[in-house]
Amino acid sequence: MAAPLLASLLLVGLALLAVVAEGGSGSGSKKPHVNHGKFKDGPWTVGHATFYGGRDGSGTTDGGACGYKGELSKDYGALTAAVGPTLYADGAGCGACYEVKGPRAEGGDDNTNKTVVVTATNQAPPPVSGQKGEHFDLTMPAFLEIAEEKAGIVPISYRRVACERKGGIRYTITGNKNYNMVMVTNVGGEGDVVALMVKGNKRVKWTQMKRSWGQLWTTEVDLTGESLTFRVMNGDHRKATSWHVAPRDWQFGKTYQATKNF
């Protein structure tokens, strides 16, 4: 009896090793997460563009559905866009960068289309009736890079591209000890933020924050009196951890910048 029993146990053991090697069994299994490489440009897709605001970009940074305003908008400049509801994705699309290709310039000497790279900082209305693809409502400075003002609305092609930012990720903390609010800006790589965690240096363990709207994140955990570390995850599941970016004596209303970015 011992020999058959031993053989059966060996077969079971080999089967279990095979399951582990394949990453588990069943529809709920997950393969190990690999977090390597840099964000790669996406495919070209058709859409259409309009413009809003003044010729200098005025009227496009006074709020908006992403929450970038005043000093928080300086990282994105005048080349920004409000994107349609699908790309806005209830705020998850804020901070993403797109290369937008416009119609061929009138009287141009070549057959190339002009392009401009913009950051999604606001939400646009749904696609315009009769037009193809997603709607980009560009600032006028961005629109004038790819088309003439008189065009009003133009067909475009666009693709997702990596965001190039100067310096590290920034965290602006507002609210109070019972309701902390954190605005995340200047995010490189994929540019968006789909998850945010915070950790203190003593009593506060890793805590998942909740999106309030745009790129404003909240937690009711008391974060005061601790050095704060934030972990950002963007849409392609890459993560960036800003260790002790806010000192123990951090203050509400202040912005703290990490040394690293994606």
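I'm calling a residue buried when its relative accessible area is under 20%, exposed when over 50%, and partly exposed in between, with a 1.4 Å probe and protein chains only. By that rule Glu99, at 14% relative accessibility, counts as buried.

Notes on the source. I'm working on a predicted model, where local features need pLDDT of at least 70, side-chain atom pairs count only at pLDDT 80 or more, and totals for chains, interfaces and linings use all residues. Residues are numbered from 1 along each chain as its sequence is written, and side-chain values use heavy atoms, with hydrogens and water left out.

**Entry: His48**

I started with His48, which sits in strand β1, residues 45-52. Strands (E, at least two residues) and helices (H or I, at least four) are DSSP runs, numbered from the N terminus. Is His48 buried or exposed? His48 is buried, because its relative accessibility is 0%.

Next I listed its contacts (heavy atoms within 4.5 Å). Leaving out residues up to four places away in sequence, His48 touches a set of residues including Pro127, Gln131, Gly133, Phe136, Ile153 and Ile156. Gly133 is 85 residues from His48 in sequence, yet the two C-alpha atoms are 6.5 Å apart. I also found the His48 side chain reaching the backbone oxygen of Lys132 at 2.8 Å.

**Entry: salt bridges**

For salt bridges I took a side-chain nitrogen of Lys or Arg within 4 Å of a carboxyl oxygen of Asp or Glu. Side chains of opposite charge can pair when their charged atoms come close. How many salt bridges does a search of the whole structure find? The search finds 10, and I looked up three pairs.

Arg55 pairs with Glu149, with the closest N and O atoms 2.4 Å apart. Arg55 is in the loop between β1 and β2 (80-83) and Glu149 in the loop between α3 (140-146) and β6 (154-161), so the pair ties together parts 94 residues apart in sequence. Arg55 is exposed at 55% relative accessible area, while Glu149 is partly exposed at 35%.

Arg159 forms a salt bridge with Glu99, and here the closest N and O atoms are 2.9 Å apart. This one goes strand to strand: Arg159 lies in β6 and Glu99 in β3 (residues 97-101), so parts 60 residues apart in sequence are tied together. Arg159 counts as partly exposed at 21%; Glu99, as I noted at the top, is buried.

Lys177 bridges to Asp222, the closest N and O atoms being 3.7 Å apart. Lys177 is in the loop between β7 (170-176) and β8 (179-185), and Asp222 in the loop between β12 (216-219) and β13 (228-233), 45 residues apart. Lys177 is partly exposed at 41%, and Asp222 is partly exposed at 22%. I also see Lys177 and Asp222 in a network of salt bridges with Arg203 and Glu226.

**Entry: strand β12**

I then went to β12. Strands count as paired if DSSP finds at least two bridges between them. β8 and β12 pair antiparallel over 4 bridges, and Met181 stands opposite Thr218 in β12. β11 (residues 210-213) also runs antiparallel to β12, with 3 bridges joining them; there Arg211 stands opposite Trp217.

What do β11 and β12 form? They make a hairpin with 2 residues between them, and Gly214 in the turn has a positive phi of about 55 degrees.

Last, the faces. In a regular strand the side chains alternate between the two faces of the sheet. Both faces of β12 are covered: Leu216 and Thr218 on one side, and Trp217 and Thr219 on the other, are all buried.

Key
Polar contact = N/O pair within 3.5 Å; in protein donor to acceptor, adjacent residues only side chain to side chain.
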